[in-house]
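Me: I am new to this structure and would like a close look at a single part. Please take one strand with several partners, and go on to the spaces that the protein encloses.

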Amino acid sequence: MADDSRIMTLPTVALRGTAVYPGTMLNFDVERPASIAALNLAIGTDRMVFLVAQRDITKDMPRAEDLYSVGTVARLGQILKVPGTNNLRAIVEGVSRGRLLRITAETPCFWANVQLINDKPFVKHAERTEALIRRCSELFSEYGSVSGNVTPEMMLKIIDREDPGFISDYIAQNVFLRFADKQILLEETDPVNRLVLLASMLDRELNILDIEQDISESTNERMQKQQREYWLREQLKSIRAELGEGDEEDEAEEYRKRITDLHLSEENEKKLLKEVERLKKQPFGSSEGAVIRGYLDACLELPWNDKTEEVMDVKLARKTLDEDHYGLSKVKDRVIEYLSVRQLSEQVRGGVLCLVGPPGVGKTSIAMSIARATNRKLSRISLGGVHDEAEIRGHRKTYVGAMPGRIMAGITQAHSKNPVLVLDEIDKLGSDYRGDPSAALLEALDAEQNYAFRDHYLELPFDLSEVFFITTANTTDTIPRALLDRMEVIELGSYTDEEKLHIAKDHLLPKQRSRHGLNGNQLRLTDDAIRQLIASYTRESGVRVLERELASVCRKAAARIASGEAKSLRLKEGELESVLGPVKFKKENYLGESTVGLVHGLAWTSVGGEVLDVECTALSGSGKVELTGNLGDVMKESCHAAISYIRSRARLLGIDPEFYKNTDIHIHFPEGAVPKDGPSAGCAITLCVVSALSGIPVRRDVCMTGEITLRGRVLPIGGLREKTMAALRADIHEVLIPEGNVSDLEEIDQNVRSQLHFTPVSHLDTVINVALDRSVVPAAVAAEPAEGEILLPTEAQDRKGITICQ
């Protein structure tokens with residue numbers, strides 16, 4: 001039962017988050033009306049007030065059950081009004097602990113019956129008590145040194161004191177403890193136990209302060225580092241502003257914006273954004289930063305989404321192609337077919353054409369014309385002499401000076417993902433220890449794979465399926481089979497003289513006149529003059545030399561007009577020597593008398609067809625065979641095969657069967673400085689040796705081509721178009737061709753076919769009977785043939801029974 005003498009009825013103030021201990025001073029702000037009323041009433045009751053903490057500090061209007069049972073009876077010192085508000089600031093001094101018995105009134109403030117609580121008695125000068133006092137004082141001092149919230153005056157108040165109750169209350173009032181811990185200390189009435197609890201709480205608080213200090217030091221270090229970096233960056237900004245350079249953050253943000261604006265695939269965008277983050281971490285001026293910038297610029301310059309709209313008008317495309325080039329019907333038809341299919345179906349993507357032909361026939365220029373006709377951008381890549389596989393697919397970024405391959409560089413140059421990409425001179429690719437460039441082209445030219453072409457430098461898949469690839473070559477012999485299989489080969493043959501005439505009149509001459517500032521009235525060439533220019537000043541399959549000669553004529557005309565010698569220049573046949581000088585190529589007379597041991601063969605060269613003479617002389621000797629004329633192994637083998645065939649049929653051919661023992665044979669091919677090889681001269685070699693051994697001349701108005709076997713069969717050959725044009729240029733109008741090449745006559749120009757007679761042969765017997773000129777056979781040889789001997793026909797017999805294919 002409570003001692004009524006120690007029970008007081010006092011106005012009560014509910015405190016939030018704090019506590020007041022006996023013997024200590026505290027000031028706090030009061031804003032709630034009930035609390036303000038309690039302070040005002042306390043002034044009339046000996047200035048005594050009961051301060052008790054509420055359990056839930058979030059409640060603005062606590063009830064009796066919301067208050068702790070133990071608080072502090074305090075004496076009110078001063079009440080000050082806080083300027084600018086209705087709040088009061090109270091200064092109180094704790095007097096005694098008090099136990100809340102009950103609330104007697106709640107308006108206008110709490111009134112409570114409070115029982116005063118005294119501390120339990122303790123043994124003075126006890127060792128445990130002194131030890132606890134020292135320990136708490138040390139912890140309090142350490143707390144002050146760490147937190148900086150304890151003044152020397154505070155320490156002096158507890159140094160000379162031996163009252164454990166006061167020391168514990170004073171320290172608890174002046175250190176930061178959790179509110180629940182403060183309440184535990186307030187409710188503890190045993191001073192010694194209070195010191196034990198306080199020591200434990202102070203020890204925990206010091207550990208927390210150490211952690212806070214570590215965190216604060218780490219934070220301060222980061223802040224100092226950030227401030228230092230900020231200060232340095234600001235200096236860098238100023239320096240870059242002076243140098244005219246941009247800010248790294250702005251640069252990275254610009255890269256990021258450009259990447260997101262492209263709307264790339266997730267894989268590509270993730271890869272590029274990762275590179276941007278790497279760039280941000282690079283120090284200013286680092287070499288790695290320059291490499292990353294170069295990589296990002298190379299990637300962002302690619303036309304990921306840019307492409308031109310194709311022209312689907314077939315008639316307009318045909319007109320454009322005809323305006324730029326004369327002839328070349330197979331190439332034009334293939335382009336028109338492609339556009340026609342594209343007009344009907346959008347599923348058709350790019351294509352791969354391989355234009356094969358001798359130099360100067362317009363392979364590269366027709367590719368440019370295709371780009372114009374289809375309204376595509378054009379990019380040309382020269383592959384001649386390329387030996388390094390990295391030239392095609394690029395170098396790894398790890399190498400110094402790495403860059404994208406030529407294909408991706410061409411795409412970047414075109415600024416379109418569907419350009420016409422011309423791979424020039426693909427037959428002149430090389431290979432060595434650095435790799436095989438032709439193998440690197442396999443993926444790019446394969447329609448089933450190039451939708452995700454990966455360049456070694458970019459390391460990102462790029463779609464090449466919409467690119468129109470056009471490759472050019474002089475021959476397919478040096479193109480690897482796997483690469484050739486991916487291309488549609490279109491052969492461009494040599495131009496006829498008539499085609500060259502049209503090209504010169506319609507294209508080359510107007511072009512050169514325009515370049516030299518002349519018009520059609522100032523310079524004119526008749527058709528016969530152009531024909532003479534073609535025949536006497538050029539010898540080529542294409543028209544490059546012809547264009548240079550026309551340019552020379554234009555320069556001469558411009559010089560005469562500029563000097564006032566003439567107002568215009570008109571050239572007719574026979575007048576070119578006064579402008580171009582002496583004739584460079586005199587026409588050989590292949591139509592002289594029939595000659596023993598001289599045969600006109602036909603050869604294919606990189607610049608077109610040529611008439612290849614074969615000469616043979618039979619001399620008394622021991623059967624030696626001499627071959628001259630810079631011959632290759634295959635041609636030498638053809639010579640030996642021809643002699644073996646003649647030995648096997650010597651009696652039937654009217655030749656001494658022992659010629660291989662008593663006759664030396666010398667076979668020569670003129671122009672000995674020019675290398676010669678191939679099997680197609682077999683017919684000419686055999687006929688030449690037969691003529692030399694038999695003494696029967698060979699017709700001069702006949703030329704031939706064909707490979708032979710030991711059994712005398714004539715096998716098909718290549719390059720028939722070029723060879724027949726060479727025959728036409730030489731005015732030889734009868735051509736012996738292998739029977740297997742009859743189908744190739746459809747590929748020959750109609751003008752050429754109409755001026756030549758083609759005799760298909762399947763066996764050397766036919767060649768010998770047709771080509772030997774029996775009309776001038778010496779008397780010794782003209783005797784009646786022996787039984788089984790081959791009839792060597794006369795001129796009249798020769799013309800009879802020969803099939804002519806036109």
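Reply: What follows starts with one strand and its partners, then turns to a cavity and a pocket.

The model is predicted, so local features are given at pLDDT of at least 70 and side-chain atom pairs at pLDDT 80 or more, while totals for chains, interfaces and linings use all residues. Residues are numbered from 1 along each chain as its sequence is written, and side-chain values use heavy atoms, without hydrogens and water.

The strand is β5, residues 88–105 (strands, E of at least two residues, and helices, H or I of at least four, are DSSP runs numbered from the N terminus). β5 pairs with β2, β4 and β6 (pairing needs at least two DSSP bridges).

Take β2 to begin with. This strand covers residues 25–30 and lies antiparallel to β5, with 6 bridges between the two. Val-30 of β2 has Leu-88 of β5 as its bridge partner. Both residues are at strand ends: Val-30 closes the range of β2, and Leu-88 opens that of β5.

The next partner is β4, which spans residues 70–81 and is antiparallel to β5, with 11 bridges joining them. In this pairing, Gln-78 faces Ile-91 of β5. β4 and β5 also make a hairpin, with 6 residues between the strands. Within that hairpin, Gly-84 has a positive phi near 80°.

β6, residues 110–117, is the remaining partner to describe, and 7 bridges hold it antiparallel to β5. Here Arg-97 is placed opposite Ile-117 of β6. These two strands form a hairpin as well, with 4 residues separating β5 from β6. β5 thus takes part in a hairpin with β4 and in another with β6.

β4 leads on to the enclosed spaces, since it also contributes to the lining of the largest cavity. On a 1 Å grid over the protein atoms alone, a cavity is a set of points where a 1.4 Å probe fits but cannot get out, and lining residues have an atom within 4 Å of a point. The structure has 3 cavities of 30 Å³ or more. The largest of them has a volume of about 40 Å³ (the space filled by probe spheres on points joined across faces, edges and corners).

Which elements supply at least two residues each to that lining? They are β3 (48–53), β4 and α5 (179–187). β3 gives the most, 3 residues. Gly-71 and Thr-72 are among the lining residues, and both fall within the range of β4. The lining also includes Leu-51, Val-52 and Ala-53, as well as Gln-183 and Leu-186. Leu-15, Thr-18, Ala-19 and Val-20 are on the list too. By class, the lining has 7 nonpolar residues, 4 polar and no charged ones (Ala, Val, Leu, Ile, Met, Phe, Trp, Tyr, Cys and Pro are nonpolar, Asp, Glu, Lys and Arg charged, the others, Gly among them, polar).

The second largest pocket offers a contrast in its lining. A pocket is an open set with protein on both sides within 12 Å along at least five of seven lines. This one has a volume of about 590 Å³. Its lining holds 23 residues, and those nearest the centre are Gly-360, Gly-362, Ser-365, Val-543 and Glu-547. Two or more lining residues come from each of α12 (363–374), α17 (497–515) and α19 (544–563). α17 provides the largest share, 4 residues. The lining divides into 7 nonpolar, 8 polar and 8 charged residues, whereas the lining of the largest cavity has no charged residues.
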